[in-house]
Amino acid sequence: MLDLITPKRQSGQIEVICGSMFSGKTKELIRRLDAVSQEGKKIRVFKPSIDVRYSEDRIISHDAKSLNCLSVKNPMEMLNQLLDVEVIGIDEVQFFDDSIVHVVNMLANQGKRVILAGLDMDYKGNPFGPVPKLIGVAEFVTKLHATCTRCGGLASFSQRLSARDQTILLGEKEYYQAVCRKCFYG
Ligand code: ZN
């Protein structure tokens, strides 16, 4: 179904893969990047250096697929690493500041395909960091869903199980669960 977003000619584009935790965002990012790698295109993958929960130099999906990546603190750092690169993947994009919007626009304007994955809402149900703006400038947006841990419905919220009040708390199933709207606000 996603073949329609393969560019037919050499023009840049921005794709956003968003959704709650456990919705398969990184898996989908890796799937698209693997597909372009197999076409012989040169790719590069980045993530914010804040995300160290599995590995400093890999992005890893919950189904244990992975790709090498570079961790960067500031989005501008990416610009030096992209000579000859045709396709750029960025995971956990919600942790970058708003300058990421300018950087990915620049890259797309240079003819590159930029694929971003990240949380669209924080654990309070508010839009997360630069993601709403990235959705605004993207050509293609894919919103993925998880299964509600409580009722089995369609989950789009990431609910924190820990009481610590801090937007950035990296963790896995011990800290968060995916829930539907009714269970999130209920
Ligand atoms: Zn539910």
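The exercises below concern a predicted model of a protein chain with a zinc ion.

**Exercise 1. Overall description**

Task: State how many helices and strands the chain has, what share of its residues is buried, and how its contacts are spread along the sequence.

Solution:
1. The secondary structure consists of four helices and 12 strands.
2. The chain has 186 residues, and 50% of them count as buried.
3. Among contacts with a separation of 6 or more, 70% join residues that are 24 or more positions apart.
4. The accessible surface is about 9,400 Å², and carbon and sulfur atoms contribute 51% of this area.

**Exercise 2. The zinc site**

Task: Identify the donors of the zinc ion, then determine the geometry of the arrangement and which parts of the chain C148 and C180 tie together.

Solution:
1. The SG atoms of C148, C151, C180 and C183 coordinate the zinc ion, at 2.3 to 2.4 Å.
2. Along the chain these donors have the spacing C-x2-C-x28-C-x2-C.
3. C148 sits in the loop between β9 (146–147) and β10 (154–155), while C180 sits in the loop between β12 (176–179) and α4 (181–185), so this pair ties together parts that are 32 residues apart in sequence.
4. Four donors count as tetrahedral if all angles lie between 85 and 135 degrees. The angles here are 103 to 119°, so the arrangement is tetrahedral.
5. For burial, the cut-off is under 20% relative accessible area. C148 has 4%, so it is buried; C180 has 9%, so it is buried; C183 has 14%, so it is buried too.
6. As for disulfides, the structure holds zero.

**Exercise 3. The buried face of α2**

Task: Determine how the buried residues of helix α2 are arranged around its axis and name elements that cover them.

Solution:
1. Helix α2 spans residues 99–109, and its buried residues are I100, V101, V103, V104, L107 and A108.
2. Viewed down the axis of α2, the buried residues fall within an arc of 165°, so they line one face of the helix.
3. The cover over these residues includes β1 (13–19), β6 (87–90), β7 (113–119) and α3.
4. Just after α2 comes G111, with a positive phi of about 95°.

**Exercise 4. V137 and its contacts**

Task: Locate V137, classify its exposure and list its contacts beyond four places in sequence.

Solution:
1. V137 belongs to helix α3, residues 131–137.
2. Its relative accessible area is 29%, so V137 is partly exposed.
3. With neighbours within four places set aside, V137 is in contact with I14, V101 and N105.
4. For the pair V137 and N105, the sequence separation is 32 residues and the C-alpha to C-alpha distance is 7.7 Å.
5. Two of these elements already appeared in Exercise 3: V101 is one of the buried residues of α2, and α3 is among the elements that cover them.

**Exercise 5. Positive phi outside glycine**

Task: Where are F22 and D84, and what are their phi values?

Solution:
1. F22 is not a glycine, yet its phi is positive, about 65°.
2. F22 is in the loop between β1 and α1 (25–38).
3. D84, also a residue other than glycine, has a positive phi near 70°.
4. The loop that holds D84 runs between β5 (70–72) and β6.
5. Exposed means over 50% relative accessible area. D84 has 57%, so it counts as exposed.

Methods:
Residues are numbered from 1 along each chain as its sequence is written. This is a predicted model: local features need pLDDT of at least 70, side-chain atom pairs count only at pLDDT 80 or more; totals for chains, interfaces and linings use all residues. Side-chain values use heavy atoms; hydrogens and water are left out. Helices (H or I, at least four residues) and strands (E, at least two) are DSSP runs, numbered from the N terminus. Buried means under 20% relative accessible area, exposed over 50%, partly exposed in between (1.4 Å probe, protein chains only). Contact means heavy atoms within 4.5 Å. The arc is that of the directions from the helix axis to the C-beta atoms. Accessible areas come from the Shrake-Rupley method with a 1.4 Å probe; for residues, only the protein chains shown count as cover. A disulfide is a pair of cysteine sulfur atoms within 2.5 Å. Donors are N, O and S atoms within 2.8 Å of the metal (3.2 Å for Na, K and Ca); water is not among the atoms, so sites may look incomplete. Four donors count as tetrahedral if all angles lie between 85 and 135 degrees; four count as square planar and six as octahedral if opposite donors are over 155 degrees apart and all others between 65 and 115; anything else is irregular.
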